[in-house]
Amino acid sequence: MKPLFALLLPLVSLLLPSLGQAADVGIPAVTLTTNADGSADYSVTLQILGLMTLLTFLPAILMMMTSFARIIIVFAILRQALGLQQTPSNQILLGLSLFLTLFIMSPVLDKVNEQAVQPYLNEELTSYEALQAASVPFRGFMLAQTRENDLNLFMNISRTPAVQTPDDIPFTVLVPSFVTSELKTAFQIGFMLFIPFLVIDLVVASILMAMGMMMLSPVIISLPFKIMLFVLVDGWAMVIGTLAGSFVV
């Protein structure tokens, strides 16, 4: 979150002259309060502007800093393995992924609310301190899922100096490392899901070829058997339970 806050500063500096003119005509848009520790806090109007700007990053934060990417990729691979083109539909998969993401991320969100949101609402923290406090639970979650070799890869690419503790890893390195690890994990789970359905396809194709029915598509015959197998083993519960248990929170 700290880099996002830093990105807002140039925008704020560009808006300061116009906001200052608004103040001259009776609209106190910008007030700067200096705290006892030397830091500065901006007016509520400017904080709302920053908050509305941060809202545009919510889709990226949802996909790149939570469990959403792994879940939606596994569901997409599962649908492809079953041989179903549009069932379940994209809307259903997205909705299920969102609610499952909320379920998995609830401990992290509870910590953010306890350590950042509530102290900020009670005026115990400044806006910048609240952003720093909110980034800590997300950092811990991403570090728990990220592979060490992925971290080393992006640290070498960015030429980031060696850090003493994981908390010193910048977000510009941590986020792409986390996403790379999530993609790898999602494809590993998807591979394991594909194997039993691939075996059914091979068996059906072999039987049809032995019977001389080469003009009949094996997919038409294997699809009911794959659906039946998935239902008999309670596949949705197994997949969702495995996904939820694969995250270290």
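These legends accompany a set of close-up views of a predicted model.

**Figure 1. The whole chain, for orientation.** Before zooming in, here is the overall layout. The protein chain contains 10 helices and 2 strands. Following the sequence, the order of these elements is α-β-β-α-α-α-α-α-α-α-α-α. Of the 249 residues in the protein chain, 35% are buried. Contacts that reach along the sequence are well represented: among those between residues at least 6 apart, 69% join residues at least 24 apart.

**Figure 2. Helix 4 packs against helix 5.** This view brings together helix 4 (residues 68-82) and helix 5 (residues 90-121). A packed pair of helices is described by the angle between the axes and the distance between them. For helix 4 and helix 5, the angle is about 145° and the axes are 9 Å apart. The crossing of these two helices is right-handed. On the helix 4 side, the residues in contact are Phe 68, Ile 71, Ile 72, Phe 75 and Arg 79. Helix 5 answers with a list that includes Asn 90, Leu 93, Leu 94, Ser 97, Thr 101 and Ile 104. Sorted by class, this contact has 10 nonpolar, 3 polar and 1 charged residues.

**Figure 3. Leu 78 and its partners.** Staying with helix 4, where Leu 78 is placed, we can look at one side chain and its surroundings. Leu 78 has a relative accessible area of 0%, so it counts as buried. Setting aside residues up to four places away in sequence, Leu 78 touches Leu 193, Phe 197, Phe 230, Trp 236 and Val 239. A useful pair to find on screen is Leu 78 and Ile 189: they are 111 residues apart along the chain, and their C-alpha atoms are separated by 9.5 Å.

**Figure 4. The second largest pocket.** Some residue names from the previous view come back here. Leu 193, Phe 230 and Val 239, which Leu 78 touches, are among the residues nearest the centre of the second largest pocket. Pro 196 and Met 238 also belong to that central group. In total, 14 residues line this pocket, and the space within the pocket is about 280 Å³. Helix 8 (171-210), helix 9 (218-232) and helix 10 (235-245) each contribute at least two residues to the lining. The lining has 12 nonpolar and 2 polar residues, with no charged residues.

**Figure 5. Ala 186 meets residues from earlier in the chain.** Ala 186 sits in helix 8. With a relative accessible area of 0%, Ala 186 is therefore buried. Apart from its neighbours within four places in sequence, Ala 186 is in contact with Arg 70, Ile 73, Val 74 and Ile 77. For a distance to check yourself, try Ala 186 and Ile 72: they are 114 residues apart in sequence, yet 8.8 Å apart in space from C-alpha to C-alpha.

**Figure 6. Two buried residues in loops.** Ser 67 lies in the loop between helix 3 (58-64) and helix 4. Ser 67 is buried because its relative accessible area is 0%, where the cut-off for buried is under 20%. Beyond residues up to four places away in sequence, Ser 67 touches Thr 101, Ile 104, Met 105, Phe 141, Glu 182 and Phe 247. The other residue in this view, Ile 169, belongs to the loop between helix 7 and helix 8. Ile 169 has a relative accessible area of 5% and so is buried. Its contacts, again leaving out residues up to four places away in sequence, are Arg 139, Leu 143, Leu 151, Val 163 and Leu 174. Between Ile 169 and Leu 151, the C-alpha atoms are 8.9 Å apart, with 18 residues separating the pair in sequence.

**Figure 7. Two residues with positive phi.** Most residues other than glycine have a negative phi. Which phi value does Arg 159 have? The phi of Arg 159 is near 55°, a positive value in a residue that is not glycine. Arg 159 is in the loop between helix 7 (148-157) and helix 8, and is exposed, with a relative accessible area of 75%. Asp 234 also has a positive phi, of about 55°, and is not a glycine. The loop between helix 9 and helix 10 holds Asp 234, which counts as partly exposed at 46% relative accessibility.

Terms used:
Residues numbered from 1 in each chain as written. Predicted model: local features only at pLDDT ≥ 70, side-chain atom pairs only at ≥ 80, totals over all residues. Heavy atoms only, no water. 1 Å grid on protein atoms, 1.4 Å probe; cavity = no way out; pocket = protein on both sides within 12 Å on 5 of 7 lines; lining within 4 Å. Points joined across faces, edges and corners; volume = space filled by probe spheres on them. Helix = DSSP H or I, 4+ residues; strand = E, 2+ residues; numbered from the N terminus. Nonpolar A, V, L, I, M, F, W, Y, C, P; charged D, E, K, R; others polar. Axes fitted to C-alpha atoms, helices over the stretch in contact; angles between N-to-C directions. Left-handed = near helix turned anticlockwise from the far one by under 90°. Contact = heavy atoms within 4.5 Å. Buried < 20%, exposed > 50% of the residue type's maximum accessible area, 1.4 Å probe, protein only.
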